[in-house]
Every structure is written in structure tokens, then in C-alpha cells.
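Here are some notes for a colleague who works at the bench and would like to read this structure with care. Please keep the sequence and the structure open while going through the numbered points.

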Amino acid sequence: MYHPYFRGKQFELITIREMAPLMAASGFVPIIEPVREALKGLERALTEICKVEGKAIVIVNPFHGDHSDDGGGITALLENHFLDKGSITAGILLQNDMDTSDALACYEKHKAHSPTFIHAGFTEAKALAEKLDYALTDTSHVFFEKHCHKLYRKHFKGAAKRVLLRDGFERRRNADHPAVELFSDLHLTYEEEDMDGFGDFLIVGDDYTEGGGPAYAVAIHLTFIDPDEDEVMYIYHFVSTTKDTPTDPGGKFAQALDKLIKKLDGGASNLFESGAIKEFRDLHKKGHFPGLGSVKKLSMNHHIETLANFLV
């Protein structure tokens with residue numbers, strides 16, 4: 001049903017580990033694009049998923065990060081540790097620099113790992129569907145919505161599974177975020193799109209950056225379901241009051257957290273009281289700043305917990 005898309009940085013992988021039991025129980029299947037050369041963190045995350053009998057798709061030819069030129073290390077990890085785990089499957093990322101022969105060669109190479117095609121700029125949809133022919137009914141396909149219009153997706157009608165990914169996070173400077181805005185209605189409408197499931201890029205967005213610059217403003221991004229708006233998902237941006245200096249991220253986090261707690265205590269936030277919200281409350285009580293990576297991790301955890309509470 002739900003396929004959260006992660007790029008495998010440290011805190012994304014920690015989220016996967018921490019949320020593995022909930023995702024498994026909810027039938028959620030994370031898609032992971034490894035971007036760091038070291039794969040121990042990925043291995044630990046996949047091991048946790050296997051422990052709770054969950055599922056995951058691991059992209060073997062990443063477009064971003066340290067494995068963009070050679071995904072051999074990822075393939076070796078799957079072969080050496082997860083070949084006998086049917087729950088961990090290969091993802092083939094189809095970008096605009098690939099043609100049909102490239103896609104099929106990668107598919108054949110990873111056929112033992114029940115590969116899923118992930119369409120993210122590929123331009124030869126019709127040719128690929130024709131080459132797959134009768135095998136189409138045995139293949140699964142994930143579509144980046146911004147790259148794959150309905151006519152493109154139609155070529156793969158009849159596949160075993162089709163999933164649509166929408167980027168609900170508007171990337172901008174933290175200081176420029178509005179207090180609240182629309183995130184997505186895809187959790188409600190994916191069947192209207194003739195899809196078997198949906199996904200998103202959590203509160204990170206699809207745009208990839210290697211590292212952030214100085215935190216002139218600190219923001220806490222939290223999604224919520226609005227019962228007064230047909231249960232559409234919105235996102236709060238709790239932004240620090242101080243926005244004009246790169247110093248004191250801890251103080252800025254405290255400002256953003258004060259805004260979050262005030263909204264929660266107002267009683268009309270519609271925020272699900274997730275485990276992540278409980279941790280935010282505890283941080284506020286203690287006056288502790290856990291670091292910006294941990295803040296992002298908590299926001300991702302909350303997003304997954306919110307969807308699990310709504311969908312299951």
C-alpha cells in the first residue's frame with residue numbers, strides 16, 4: 001500500500017530501523033536508494049526489517065550519492081546476505097540516461113531478487129512494456145509522478161503492482177516556509193489513479209543534497225490529517241523566530257519547539273499523538289537539543305506513524 005522513499009543517509013536508515021515493526025505490521029514497503037559508500041547502516045536496517053518479517057525494495061543502481069557510478073557493492077550485499085530473504089527485493093531505477101536494453105540487462109542481472117522497476121525520467125516506456133510482453137504481469141512498477149504522466153503509466157497496465165510516488169514537500173529555505181500548507185491527498189486517491197499503492201518522499205522531498213548549509217532558521221516539519229478537509233494531509237512548518245544568523249541552532253530549535261508545543265496544547269492541531277510527538281514533548285520538558293539530524297528523524301517517524309494510524 002504505502003511506499004515511503006528514503007535516500008539512505010544515516011538518519012533515514014535509523015528511521016527505517018526504528019519504524020520497521022510498525023511498517024511491517026501496516027504492510028508498508030520502504031524504497032531505499034543507498035547514497036553512502038559504507039553499507040553497514042543499510043545492512044542493519046534491512047536486518048531489522050527481516051527480523052519483523054517486513055519488506056523493502058533496495059535500489060541497486062542509485063542515481064545519487066557514492067554508488068551512482070557503480071552499484072556493485074549494493075548487488076553484492078543483497079547476494080551475500082539477503083538472497084534467501086524474499087522480503088528484500090531489488091529496485092531498478094530507470095532514469096533518462098538509460099535505454100530499454102540497459103533496463104532489461106539490469107533486470108536480468110537481478111532477476112533472482114524479484115526486481116521492481118522504478119520509473120524516474122525514463123523515456124522508453126512503450127518499448128520496455130513491449131519487450132516485457134507476457135512477463136509484464138509478473139513485474140512491479142513504481143512511478144515518480146512528476147516524470148510519469150498517465151499515458152506513460154498506461155503502458156504498464158496489467159502489471160502485478162503499480163505504485164505512484166508524489167513529492168508533497170515543497171523545498172525552500174526554512175525561513176520561507178508558511179505555517180501550514182497542503183501535503184498530499186494521494187493516500188485517498190491512489191485507487192482513482194488506477195494504482196495499487198502510493199508513496200512519497202516523507203518530509204525530506206525528492207530534491208537531493210549532500211549536506212545542508214548553516215541553519216539560519218530551524219524548522220520542524222510535521223504532517224497531519226485534517227478531518228475537516230476530507231482527510232487530506234497537510235504539513236505544519238514550525239519555524240524558529242530567529243532567521244538572520246547561522247549561529248545557535250539549539251536556541252532556534254527551542255523557538256520552533258515552543259511553537260509546536262503551543263499548537264499541540266491549543267487542542268486543535270489535528271496532529272496524531274505519535275511516539276515522535278511524545279519525544280518532542282520530552283525534549284521540550286528537558287530543554288534538550290538532540291541535533292538537527294535527530295529532529296528530521298523524529299519528523300519522518302511521525303509521518304509514518306500518522307499514516308499507519310490513518311490507514312490501518
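How much space lies in the second largest pocket? The points below begin there and then move on to the barrel, two backbone angles and the salt bridges.

1. The model is a predicted one, and in it the second largest pocket holds about 390 Å³ of space. This pocket is lined by 23 residues, of which Thr-89, Ser-114, Thr-116, Ser-140 and Lys-161 are the closest to its centre.

2. As to where that lining comes from, strand 3 (56-59), strand 6 (140-144) and strand 7 (161-166) each give at least two residues to the second largest pocket, and strand 6 has the largest share with three residues. Sorted by class, the lining of this pocket is made up of nine nonpolar, 10 polar and four charged residues.

3. Strands 3, 6 and 7 also belong to the barrel, which eight strands close in the order 1-2-3-4-5-6-7-9 with parallel pairing. From one strand to the next, the twist averages 25°.

4. One pairing in the barrel can be followed down to single residues, since it involves two of the names given for the pocket. Strand 5 (residues 116-119) runs parallel to strand 6 and is joined to it by four bridges; Thr-116 has Ser-140 of strand 6 as its bridge partner, and Thr-116 and Ser-140 are both listed among the residues closest to the centre of the second largest pocket.

5. Two residues deserve a look for their backbone angles. Asp-248, although not a glycine, has a positive phi of about 60°, and its place is in the loop between strand 11 (232-239) and helix 8 (249-265). Asn-270, which is not a glycine either, has a positive phi of about 65° and lies in the loop that runs between helix 8 and helix 9 (275-286). Is Asn-270 buried, partly exposed or exposed? With a relative accessibility of 34%, Asn-270 counts as partly exposed.

6. The structure holds 19 salt bridges, and side chains of opposite charge can pair in this way when their charged atoms come close. In one of these bridges, the side chains of Lys-146 and Asp-206 meet at 2.9 Å, N to O. Lys-146 sits in the loop between strand 6 and helix 6 (150-154), and Asp-206 in the loop between strand 9 (197-200) and strand 10 (219-226), so this pair ties together parts that lie 60 residues apart in sequence.

7. The two partners of that bridge fall into opposite classes of accessibility: Lys-146 is exposed because its relative accessible area of 56% is over 50%, whereas Asp-206 counts as buried because its 7% is under 20%. Lys-146 and Asp-206 are also part of a network of salt bridges that links them with Arg-7 and Glu-33.

8. Two other salt bridges can be set beside this one. Arg-173 pairs with Asp-176, with the closest N and O atoms 2.9 Å apart; Arg-173 is exposed at a relative accessible area of 58%, while Asp-176 is partly exposed at 42%. Glu-108 pairs with Lys-111, where the closest N and O atoms are 3.7 Å apart, and here Glu-108 is partly exposed, with a relative accessible area of 49%, as is Lys-111, at 45%.

Note on methods:
Residues are numbered from 1 along each chain as its sequence is written. This is a predicted model: local features need pLDDT of at least 70, side-chain atom pairs count only at pLDDT 80 or more; totals for chains, interfaces and linings use all residues. Side-chain values use heavy atoms; hydrogens and water are left out. On a 1 Å grid over the protein atoms alone, a cavity is a set of points where a 1.4 Å probe fits but cannot get out, and a pocket is an open set with protein on both sides within 12 Å along at least five of seven lines; lining residues have an atom within 4 Å of a point. Grid points are joined across faces, edges and corners, and a volume is the space filled by probe spheres set on the points. Ala, Val, Leu, Ile, Met, Phe, Trp, Tyr, Cys and Pro count as nonpolar, Asp, Glu, Lys and Arg as charged, and the others, Gly among them, as polar. Two strands pair if DSSP finds at least two bridges between them. Axes are lines fitted to C-alpha atoms, for helices over the stretch in contact, and angles run from 0 to 180 degrees between N-to-C directions. Buried means under 20% relative accessible area, exposed over 50%, partly exposed in between (1.4 Å probe, protein chains only). A salt bridge is a side-chain nitrogen of Lys or Arg within 4 Å of a carboxyl oxygen of Asp or Glu.
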